[in-house]
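Subject: A structure for you to look at

Hi there,

I am handing over a structure that I have been going through. Please open it alongside this email and take your time with it.

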2 protein chains.
Amino acid sequence: MNTLRIRLVPPPHNPAACDACAVRPASICAVLEDEGLERLAAVSVLVPEGHEFITESEPAEAFFVITSGTAKLFKMLADGRRQITGFAQAGGFVGLAVQETYGFSAEAVEETYLCRVSRGRLRRLVNTFPAVKQYLLQQAASELVAAQEQMLLLGRKTAHERLASFLLALAGRGRLHEPPPAGTEVRLAMARDDVADYLGLTVETVSRTLKSLRLAGYVTMPLPSLIVLVDPGALRRLAAGQG
Amino acid sequence: MNTLRIRLVPPPHNPAACDACAVRPASICAVLEDEGLERLAAVSVLVPEGHEFITESEPAEAFFVITSGTAKLFKMLADGRRQITGFAQAGGFVGLAVQETYGFSAEAVEETYLCRVSRGRLRRLVNTFPAVKQYLLQQAASELVAAQEQMLLLGRKTAHERLASFLLALAGRGRLHEPPPAGTEVRLAMARDDVADYLGLTVETVSRTLKSLRLAGYVTMPLPSLIVLVDPGALRRLAAGQG
DNA sequence: CGTGAACTTGACTAAGTTCAATAGAAGTGG
DNA sequence: CCACTTCTATTGAACTTAGTCAAGTTCACG
């Protein structure tokens with residue numbers, strides 16, 4: 001099975017190449033390498049921090065590839081309780097919908113560049129290049145794996161285990177891999193309340209649990225948004241429920 | 001976009017038509033309608049209640065379509081804590097994997113017939129019939145929607161809200177639809193501990209919460225495994241966090 | 001019937017939430 | 001550069017929901 005790779009071209013770039021532009025001078029934001037550098041016809045969009053670019057239950061008119069920055073996807077209950085279902089970073093995509101409306105909202109956690117592809121255009125693209133469909137299927141399948149892992153976390157792990165899992169995931173190593181090297185730095189692009197809403201906890205519990213991990217000697221925190229993994233092996237054991 | 005529909009033929013059926021058989025006389029278990037009734041070359045398998053047919057981290061050698069019965073998909077932690085990530089029923093599929101190994105285990109909740117498609121065969125099928133790829137993508141996307149809904153449940157809903165959501169989901173109406181008619185009966189194919197592990201609770205809490213819903217007049221339970229939705233509107237409000 | 005498994009109930013415990021106050025960091029304007 | 005505001009993060013104490021442990025019931029099946 002040949003694999004489609006999407007190459008990200010950092011914006012702003014090639015201002016004249018895109019066929020439309022919503023917010024910023026357009027750029028080619030992705031290239032379908034296996035199809036002879038065909039342009040992924042799309043619009044480059046700058047989303048400022050805190051700005052919502054997808055709203056749950058609105059018509060699903062477009063599909064986005066993240067070029068740079070970080071976005072959070074979330075769902076809310078009537079009384080304001082929120083669950084963040086995932087964070088998407090450069091290369092990630094957001095908004096693949098079979099249904100007519102979005103099933104979640106999405107908001108930029110920091111300044112974020114997106115590559116916007118309209119629904120109709122995605123459909124045409126998919127029909128023209130079978131590899132795109134393959135790529136989307138692979139992405140969806142791997143998101144599904146991540147979602148199942150997160151259900152295990154939300155349904156069955158303790159606060160300590162959740163934080164340990166989260167830090168390791170940010171460090172780029174899943175549960176199947178060996179832990180990252182000691183001293184690995186993890187930058188938290190998101191605020192405490194986002195971490196809390198992602199892990200199904202409160203800000204206070206996140207704060208207290210991080211303190212406890214610090215006291216245990218597993219991490220240090222030079223800044224509230226920078227965490228150094230001092231003992232990744234211990235974190236790994238914690239995350240797996242062997243702590 | 002033309003849609004692929006998979007028609008399920010109840011087993012045992014057409015004993016000579018399949019090209020291999022693992023457990024029971026083979027049957028054609030699904031037909032690709034849009035491709036002129038081409039046979040989905042596959043093996044029909046009977047899985048007895050409680051039997052595990054997919055094991056996490058084993059090589060992902062096959063893909064299954066459920067013909068009849070119910071299966072549970074789950075992940076476990078080292079100390080035995082378990083999270084059921086979903087139940088699959090007739091028409092559902094299990095085991096779509098991009099990775100080389102399964103990311104979860106699967107077990108029959110009741111006697112279940114499966115349609116087993118080997119990985120290589122699925123790949124060939126997908127290449128021959130583009131509609132199959134489309135179908136898989138759609139299925140994966142809708143599973144992703146369900147997974148996000150479940151993350152909201154596990155991360156942010158109370159025990160009462162979880163049970164209400166669960167009952168409505170079993171009754172076949174998601175959160176976007178109007179509630180099912182009063183008097184709708186929901187059969188629980190799975191035991192209490194499965195419900196608990198699916199909702200991120202304990203058996204005791206499931207039991208107590210069902211009692212509380214009974215006392216509130218929202219449901220009745222002629223049998224432990226049969227729940228009548230007396231006030232679906234109230235359940236709907238509870239499930240949405242407006243209870 | 002009798003035995004075992006599934007389910008329910010009760011009393012107690014604990015993990016995490018809530019509410020409230022404090023501390024720290026980051027900007028803003030004089 | 002420093003006072004002042006504001007936002008974010010942390011800490012503390014009381015509380016609550018759901019979990020734990022230990023009996024009971026009920027029901028299906030031999």
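Below is what I found, starting with the DNA and ending with two serines.

Please keep in mind that this is a predicted model.

Let's begin at DNA strand C. It is surrounded by 15 residues, and the closest are Ala159(A), Thr205(A), Arg208(A), Arg192(B) and Ser207(B). Of the strand's atoms that come within 4 Å of the protein, 66% belong to sugar and phosphate. Sorted by type, the residues of this surface are four nonpolar, five polar and six charged.

Which helices help to build the surface near DNA strand C? Helix H5 (203–215) of chain A and helix H5 (203–215) of chain B each supply at least two of its residues. The largest share, four residues, comes from H5(B).

Three side chains are worth finding on your screen. An N or O atom in the side chain of Thr205(A) is 2.4 Å from a phosphate oxygen of the strand. For Ser207(B), an N or O atom of the side chain is 2.8 Å from a phosphate oxygen. The side chain of Arg208(A) has an N or O atom 2.8 Å from a base oxygen instead.

Now for the serines. Most residues other than glycine have a negative phi. Ser57(A), however, has a positive phi of about 75°, and Ser57(B) has one of about 70°. Ser57(A) sits in the loop between strands E5 (52–54) and E6 (62–68) of chain A, while Ser57(B) is in the loop between E5 (52–54) and E6 (62–68) of chain B. Buried or exposed? Ser57(A) is partly exposed, with a relative accessible area of 47%, and Ser57(B) is partly exposed at 47% too.

Enjoy exploring!

Conventions
Residues numbered from 1 in each chain as written. Chains lettered and ligands numbered in written order. Predicted model: local features only at pLDDT ≥ 70, side-chain atom pairs only at ≥ 80, totals over all residues. Heavy atoms only, no water. Near = heavy atom within 4 Å. Polar contact = N/O pair within 3.5 Å; in protein donor to acceptor, adjacent residues only side chain to side chain. Nonpolar A, V, L, I, M, F, W, Y, C, P; charged D, E, K, R; others polar. Buried < 20%, exposed > 50% of the residue type's maximum accessible area, 1.4 Å probe, protein only.
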